[in-house]
Structures are given as C-alpha cells and as structure tokens.
Amino acid sequence: MGRIRLESLRKSYGQVEVLKDINLEIEEGELVVFVGPSGCGKSTLLRQISGLDRPTSGNIFINENDATNVSAADRGLAMVFQSYALYPHMTVRQNLAFGLQNAKMPKAEMDERISAAVEMLEIGPLLKRRPGQLSGGQRQRVAIGRAIVRDPTAFLLDEPLSNLDAELRVSMRAELSALHARLGATMIYVTHDQVEAMTLADRIVVLRAGKIEQVAPPITLFEKPVNKFVAGFIGAPNMNFLTLDDVQPVLGNVGVPAGATMTGIRPQHLSPAETGLDMTVTLVEALGTETVIHGVLGSGATILVTVPGHVKTSKGEHMTLNVDPAHLHFFDADELRVEAA
C-alpha cells in the first residue's frame, strides 16, 4: 500500500509561513506531481512527507498511520534527489546494496532485489563502474535503482531530471512513466517543468505561495482552470488574457457570464482569418513544427498565436485572428473562473 494523507499541514520558518493549511489525499498507485513557481513550497512539502523536515502543525498519515513524528528512516519511503546523491567511491552495485546492507537484509534477498532492479533499468553493464564513469542519464538510473531495491511504500522524486540535457530529459521522462506503469507504486514528483507534469501525472497539484490552488488531472487543469493563476501557469505558451472590450469584435452572440471582467484564450486556439481581431506582428518564432507569433492589438494588449507548421509573416505586418468562442475562458474581478452562460 502507498496511501498518503495530509491534514491541515503548515510549515513556518520564524515569521515566514511557507506552507499554509495543506490538505491532500494521494491514493495508492497514483503518480501525483507538485508544480508551481520557484518559492511556492513544493520541495518543502515533499520534505515534510519524507520526514526530512517536520511540520509546524498538522498531520501526515501514511497508510492511515500517523507518521507526523516518525523519523524519515522509518516511514518506508524512498527519495530520488536532483543531485543523484551517489557515493563516488563505490561501484554501481555497491551503491545499490548500501542501504540494504545497513538494514541487515539477508544476502539472498538483497541479491534478488538488486538483480530485479538492474534488469528493469537495464544497467547490468554498469555494475562495476563508479559514478564518475557514468553519464547523467546512467547516474539517474542508478539513483532510481537504489530507491527501487528498498521496495518502498512510495517514491518521492525531487526534480530528478533537471540536471539532464533536453533530449535526455524526454527519454528519461518516458522511462519514468513506463517504470511507474510496471511498478504500480505511489509516486510523488516535484518539478517546475509543466511539460513533465502534464505528461507524467495522474493528478497535478498546483501550488502558489504555500497554498494549493487546484488539484486535478492534467487535461482538467488545461481545459477548466479554477482561476487566472492556474490558467496562466498550465499550458505553453501561456494563455492570453484580454479584457471584454479587447474581444468584443468576436464575441458575437456568446453569452458572457455575469461578473466576468476578463477572458482567456490559449495561443493554440487562435488562427489567421479574414475577420476577427486585428493584430500587428511584433515577433515571429519559427520552430519548424509550429510558428509562435507575438503581436499587439489596437488597444495595446499583447497576444500570442501558435500556428502549426510555417507561416510567412514578419514584424510590422497586420494579421486578423479568428477566435473560437467555445475556447474562451472567463474570469471575474477576483481572478476566479466563471462559467459561460
């Protein structure tokens, strides 16, 4: 089992409150991702769960047992760090075995666990090497293997791919997803990279300033963000936010919900057309598979458009944009989502 429940969790450092009344339930076998801007409290929250730090108030339950004051070593959790944290003087096999030896595990069981992890991660040829002889991706596999051999209640991963280059991050992301499917284990994953969050998570926890803004599956966050912050944080490029006056020419018969003061439209939901919003192009980013066009409306509002493939346009040109009213999001003066009428 690997069920984790947080109740009214708070953490303060002196007068600074870093976590504010966190309530969250993580079900057995879920892969839950914590995302948010720097300083939002996601790594601090992971440290509370792991036992590396203690909350100021509130409770942590692991499999319905109160683990708030249980030491990190006795929580049955395994952590994978951003820095790998491998012992440089030990071989790969010695790194895998070290924690099990300290726990005085019988040799036969230890060998069995190590063999299973080595086969799963395909690191057999690396067993006699030391960390200094490994690539970044190989080191990360060993760090994950060291967690796997412990057969933990849950895995806690703190930005494990952030030290890898872009191409390797993509392949390791796929490997982590496949690993979760094979193990069926509970995983909590911290990242600032929303692409990792969207592709890996069963559910995403969006944090801001120590508070949970929304917990939902990735597509729900993308399609129905609860407020302007979540709408702007999830999705790349960021959602466009415009006043009702900015989009009045394309609203037509759309029923604007009562209390709405602002609309949001994702760059992918805008397209060149003969009628619609008039934009002056300020920058064109040709990415091959798509073109990101930066522009400004007559009101002075900036806007981003993402168009598949290559679009022939340049700075200073005028472009008319079609807006599909079905993809408009509405927010009130408090930046909360309001549903279309």
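Visitor: Is the crossing of H3 and H4 left-handed or right-handed?
Guide: In this predicted model, the crossing of H3 and H4 is right-handed, a term applied when the near helix is turned clockwise from the far one. The axes of H3 and helix H4, which covers residues 136-148, come within 9 Å and cross at roughly 145°. On the H3 side the contact is made by Ala117, Met120 and Leu121, and on the H4 side by Arg141, Ile144, Gly145 and Ile148.

Visitor: How do the residues of the contact of H3 with H4 divide into nonpolar, polar and charged?
Guide: They divide into 5 nonpolar, 1 polar and 1 charged. Because Gly counts as polar and Arg as charged, Gly145 and Arg141, both contributed by H4, supply those two single entries.

Visitor: What makes the pair of aspartate 111 and arginine 93 a salt bridge?
Guide: The closest N and O atoms of aspartate 111 and arginine 93 are 2.7 Å apart, and the cut-off is 4 Å between a side-chain nitrogen of Lys or Arg and a carboxyl oxygen of Asp or Glu, so the pair qualifies. The pair links distant parts of the chain, with aspartate 111 in helix H3 (residues 107-121) and arginine 93 in helix H2 (residues 92-102), 18 residues apart.

Visitor: Why do aspartate 111 and arginine 93 count as partly exposed?
Guide: Partly exposed is the band between under 20%, which is buried, and over 50%, which is exposed. Aspartate 111 has 22% relative accessibility and therefore falls in that band, and arginine 93, with a relative accessible area of 32%, falls there as well.

Visitor: How do you know that arginine 3 and glutamate 64 form a salt bridge?
Guide: Their closest N and O atoms are 2.1 Å apart, which is within the 4 Å limit, so the pair is counted. It too links distant parts of the chain, for arginine 3 lies in the segment before strand S1 (4-13) and glutamate 64 in the loop between strand S4 (57-62) and strand S5 (65-66), 61 residues apart. Glutamate 64 has 43% relative accessibility, a value that is not over 50% and not under 20%, and therefore counts as partly exposed.

Visitor: Which residues are linked with Arg3 and Glu64 in a network of salt bridges?
Guide: The network also includes Arg5, Glu7, Glu25 and Glu27, and the structure as a whole holds 16 salt bridges.

Visitor: Why is arginine 5 called buried?
Guide: Its relative accessible area is 14%, which is under 20%, so the term applies. Arginine 5 has its place in strand S1, and, leaving aside neighbours within four places in sequence, arginine 5 is in contact with Leu24, Glu25, Asn59, Ile60, Phe61 and Glu64. The C-alpha atoms of arginine 5 and asparagine 23, 18 residues apart along the chain, are separated by 7.6 Å.

Visitor: What makes arginine 208, which meets glutamate 213 in a salt bridge, partly exposed?
Guide: The salt bridge of glutamate 213 and arginine 208 has an N to O distance of 3.2 Å, and arginine 208 is at 32% relative accessibility, between the limits of 20% and 50%, so the label is partly exposed.

Visitor: What percentage of the 341 residues in the chain is buried?
Guide: Buried residues make up 48% of them, in a chain that has 9 helices and 18 strands.

Terms used:
Residues numbered from 1 in each chain as written. Predicted model: local features only at pLDDT ≥ 70, side-chain atom pairs only at ≥ 80, totals over all residues. Heavy atoms only, no water. Helix = DSSP H or I, 4+ residues; strand = E, 2+ residues; numbered from the N terminus. Buried < 20%, exposed > 50% of the residue type's maximum accessible area, 1.4 Å probe, protein only. Axes fitted to C-alpha atoms, helices over the stretch in contact; angles between N-to-C directions. Contact = heavy atoms within 4.5 Å.
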